[in-house]
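Biologist: I should like a close look at a single part of this model, set against the chain as a whole. Please state the cut-offs behind each term as you proceed.

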Amino acid sequence: GVQGAQIAAVARWLAESRKAGPVRLVAVGPSSSLIGVVAAALEENAIGAVQIHQPLISLKEIIEQNRSVEQSPECFCFGLLEWFDMKQLVAMVAPRQLDAPDAQQRAAKNDLVDLEAFFDLLQDDDGEKK
């Protein structure tokens, strides 16, 4: 949560100071992807697009892989899994573009695949918000 807010603040600073408009956020790895998605969910104006590589498909993977707080402290945001999983966090990025190329390769286990239609529903033919 704190790291997501920090990334959102950096994106706001970049967008405002460089007058370049929204930034594209790229995150690699399970922890960084989680932080990036949280940042994009928090900051809809300064983060215009997100690309995540090797993301967690579900926060339950942390439990399934028996990760400890020492191994992945950023994934242990108290109460997060009680209310949200990656599917809900990713949905909060819509209608902005979100690419998760590695997630498609894990389609058998992938809860994120069906969100593609959700993103398409919220965009017009030019990829802009409706």
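Modeller: Helices and strands are taken here from DSSP runs, a helix being H or I over at least four residues and a strand E over at least two, with numbering from the N terminus. On that basis the chain contains seven helices and three strands, arranged along the sequence as α-β-α-β-α-α-α-β-α-α. The model is a predicted one, in which local features require pLDDT of at least 70 and side-chain atom pairs are counted only at pLDDT 80 or more, whereas totals for chains, interfaces and linings use all residues. Residue numbers start from 1 along each chain as its sequence is written, and side-chain values rest on heavy atoms, with hydrogens and water left out.

The part I have chosen is helix H2, which covers residues 30-42. Its 13 residues extend 18 Å from first C-alpha to last, close to the expected 18 Å at 1.5 Å a residue; the expected span is 1.5 Å times one less than the number of residues. An α-helix has 3.6 residues a turn, so residues three or four places apart point the same way.

How many residues of H2 are buried? Buried denotes a relative accessible area under 20%, exposed over 50%, and partly exposed anything in between, with a 1.4 Å probe and protein chains only. Ten of the 13 residues of H2 are buried, and the helix is thus described as mostly covered. These are Ser31, Ser33, Leu34, Ile35, Gly36, Val37, Val38, Ala39, Ala40 and Ala41. For the chain of 130 residues, the buried share is 39%.

The cover over H2 can be described through contacts, meaning heavy atoms within 4.5 Å. Covering elements include helices H1 (2-17), H4 and H5 (86-91), together with strands S1 (23-28), S2 (47-53) and S3 (97-99). Across the chain, among contacts with a separation of 6 or more, 72% join residues 24 or more positions apart.

Consider next the start of the helix. Serine 31 belongs to H2 and is buried at a relative accessible area of 17%. Apart from neighbours within four places in sequence, serine 31 is in contact with Ser72, Glu74 and Cys75. Serine 72 sits in the loop between helix H3 (60-64) and helix H4 (80-83), and is buried at 5%. Under the same exclusion of neighbours within four places, serine 72 is in contact with Ser31 and Arg67. The side chains of serine 72 and arginine 67 also form a polar contact at 3.5 Å. That term denotes a pair of N or O atoms within 3.5 Å; within protein, one must be able to donate a hydrogen and the other to accept it, and residues adjacent in sequence count only if both atoms are side-chain atoms.

Further along, Ala39 and Ala40 are both in contact with isoleucine 47, a residue of strand S2. Isoleucine 47 is buried at 1% relative accessibility. Its other contacts beyond four places in sequence are Ala11, Pro22, Val23, Leu25 and Arg96. The C-alpha atoms of isoleucine 47 and alanine 11 are 6.3 Å apart, with their positions 36 residues apart along the chain.

Just past the helix, a salt bridge becomes relevant, defined as a side-chain nitrogen of Lys or Arg within 4 Å of a carboxyl oxygen of Asp or Glu. The whole structure holds two. In one of them, the side chains of arginine 12 and glutamate 43 meet at 2.8 Å, N to O. Because arginine 12 lies in H1 and glutamate 43 in the loop between H2 and S2, this pair ties together parts 31 residues apart in sequence. Glutamate 43 is buried at 8%, whereas arginine 12 is partly exposed at 33%.

Aspartate 99 and arginine 24 form a salt bridge as well, with their closest N and O atoms 3.0 Å apart. Since aspartate 99 lies in S3 and arginine 24 in S1, the pair ties together parts 75 residues apart in sequence. Both partners are partly exposed, aspartate 99 at 24% and arginine 24 at 43%.

Finally, the surface. The chain exposes about 7,700 Å², 55% of which comes from carbon and sulfur atoms; accessible areas follow the Shrake-Rupley method with a 1.4 Å probe, and for residues only the protein chains shown count as cover. Trp83, Phe84 and Met92 make up a nonpolar surface patch of about 350 Å². Patches consist of residues with over 30% relative accessible area and no salt bridge, like charges being joined within 9 Å and nonpolar side chains (Val, Leu, Ile, Met, Phe, Trp, Tyr) within 5 Å. Methionine 92 is placed in the loop between H5 and S3 and is partly exposed at 39%.
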